[in-house]
Amino acid sequence: MFGILNHSTEIKKAWFYDFLHPWLGFGLLTSHGEKWRHRRKQLTPAFHFSILKDFQPIFNKQSKILADILDKHTHDDFIDIVPFITLCSLDVICESILGKELNSQTQPSHPYSQAVHGLTGAVFERMRSPWLWFDSLFSILPFGKKFAKNKSILHEFTNQMIAEKKHKKIRLKNSNSPLNINCADDDIQYKRKKRALLDLLLDELIDNDSITEDEIREEVDTFTFEGHDTTSMSMNWTLYLIGLHPWIQEKLHNELDMIFGEEDRDPTDEDLKNMKYLECVIKEALRLYPSVPAYGREVTEDLDCNGFIIPKGSTCLVNAYILHRDSEYFPNPEKFDPERFSSENITGRHPFAYVPFSAGPRNCIGQKFALMEEKTILSTILRRFKVRSLDARDQVHLINELVLRPYKGLRIQIRQRHQDFDFHLIYYRA
């Protein structure tokens, strides 16, 4: 495993990632070789903390929208939390990456959000169905036609956002007249506060001509897909596990009360740093339920791995779900124990024993973004509510699509912190 993930040249993704190409092209997720190296270097500045902290207001705004929506369900027997968290995360990523308010939380029937979910399911279905591997057959089947329609919706939406921002950037850049001094000031503020992924790529296009509009769309679509689906499932599993362990939830409430007191204010980046126990909880949830449960690589040259030769052309899978249950590093591995990630307990642990964001050269470029978003959304929920999960872990069946999902959702009971739970509702699904 270490020899695969940490290898400096064996960075080509496995063959089944090819089914993402019609949707995501050859962006950071699916490319390899020099194109990948150049693009990774190009995109890294967009995820520097000095940039990410400027998106805290977006995290806060969307979190409050979610909390207000959940507030309407505090008298329900239970809700499936998955669609609520997923739409919130989609709104966060679209506003952060595209600078576009999608409003999918309040308008869940938005064509863009429906198309994203349609494509995600379609790609996985194609991966596991050999008869759909042939492009000529896939394209004429109803399944393939629906895939093409959803892809067209996404690409059209992204292209429109690129065109609008490109036009604005060019207009502001060329505004040298004193009459346009306010536009120039706006441009300075725009670059300073919103120079995230799409803006950085457009700067490369306009200033250096080092990237095409199609390549920009590849990266924007990649980050919109990767940045909401994986993060939303991490939050769903975290909230589910919190709801199974009331003593852990009490510690989280205490931590948040110490940070905020009785103030009803938005969290700051400094507040997020102080959410140390919440961070441990999130990391332990990712250990048990890694959003991406396995990573695939295609070996391009014979590879010596601990004395075993992996021949050229082999497909290697690193199963994070199993790796995270290695009792050598995580005693009693099925136990949910956030203390595993306290500062004293992580000391000396092999860095590749825990890889929820992959590891090595191809580790997730957006993991800091994800952790900031998760802390903000989860803390906003927990400051206002308490949660209880109605299904034991052995009753929640898993499906490994592109991310690790619960087969029938996650039934959560949500109450205001001063409310009592309805304990007569404890029952498990067959």
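This report describes the cores, one helix, the two largest pockets and one lysine of a predicted model.

Residues are numbered from 1 along each chain as its sequence is written, and side-chain values use heavy atoms, with hydrogens and water left out. Because the model is predicted, local features need pLDDT of at least 70 and side-chain atom pairs count only at pLDDT 80 or more, whereas totals for chains, interfaces and linings use all residues.

The largest nonpolar core holds 106 residues, of which Trp23, Leu70, Ile81 and Ile216 touch the most other members; such a core is a set of buried Ala, Val, Leu, Ile, Met, Phe, Trp, Tyr and Cys residues joined through side-chain atoms within 4.5 Å, where buried means under 20% relative accessible area, exposed over 50% and partly exposed in between, with a 1.4 Å probe and protein chains only. Apart from the largest core lies another, of 14 residues, among them Val299, Ile310, Cys316 and Phe352. Leaving aside residues up to four places away in sequence, Trp23 touches ten residues' worth of partners that include Val116, Leu119, Phe147, Leu154 and Phe225, a contact being heavy atoms within 4.5 Å.Two of these partners, Phe147 and Leu154, are also listed among the buried residues of helix H9, together with others including Gly144, Met161 and Leu172. Helices (H or I, at least four residues) and strands (E, at least two) are DSSP runs numbered from the N terminus. The 32 residues of H9 (residues 142-173) should span 46 Å at 1.5 Å a residue, and the end C-alpha atoms are 46 Å apart, so the two values agree; the expected span is 1.5 Å times one less than the number of residues.

The two largest pockets are set out below; on a 1 Å grid over the protein atoms alone, a pocket is an open set of points where a 1.4 Å probe fits, with protein on both sides within 12 Å along at least five of seven lines, and lining residues have an atom within 4 Å of a point.

| Pocket | Volume | Largest share of lining |
|---|---|---|
| Largest | About 1000 Å³ | H12, nine residues |
| Second largest | About 670 Å³ | H18, five residues |

Among the residues that line the second largest pocket, Glu279, Lys283, Phe357, Gln367 and Leu371 are the closest to its centre.

Finally, Lys64 has its place in helix H5 (residues 56-71) and is partly exposed, with a relative accessible area of 40%. Lys64 touches Asp266 and Thr380, not counting residues up to four places away in sequence, and its C-alpha lies 9.8 Å from that of Thr376, although the two are 312 residues apart in sequence.

Technical notes:
Points joined across faces, edges and corners; volume = space filled by probe spheres on them.
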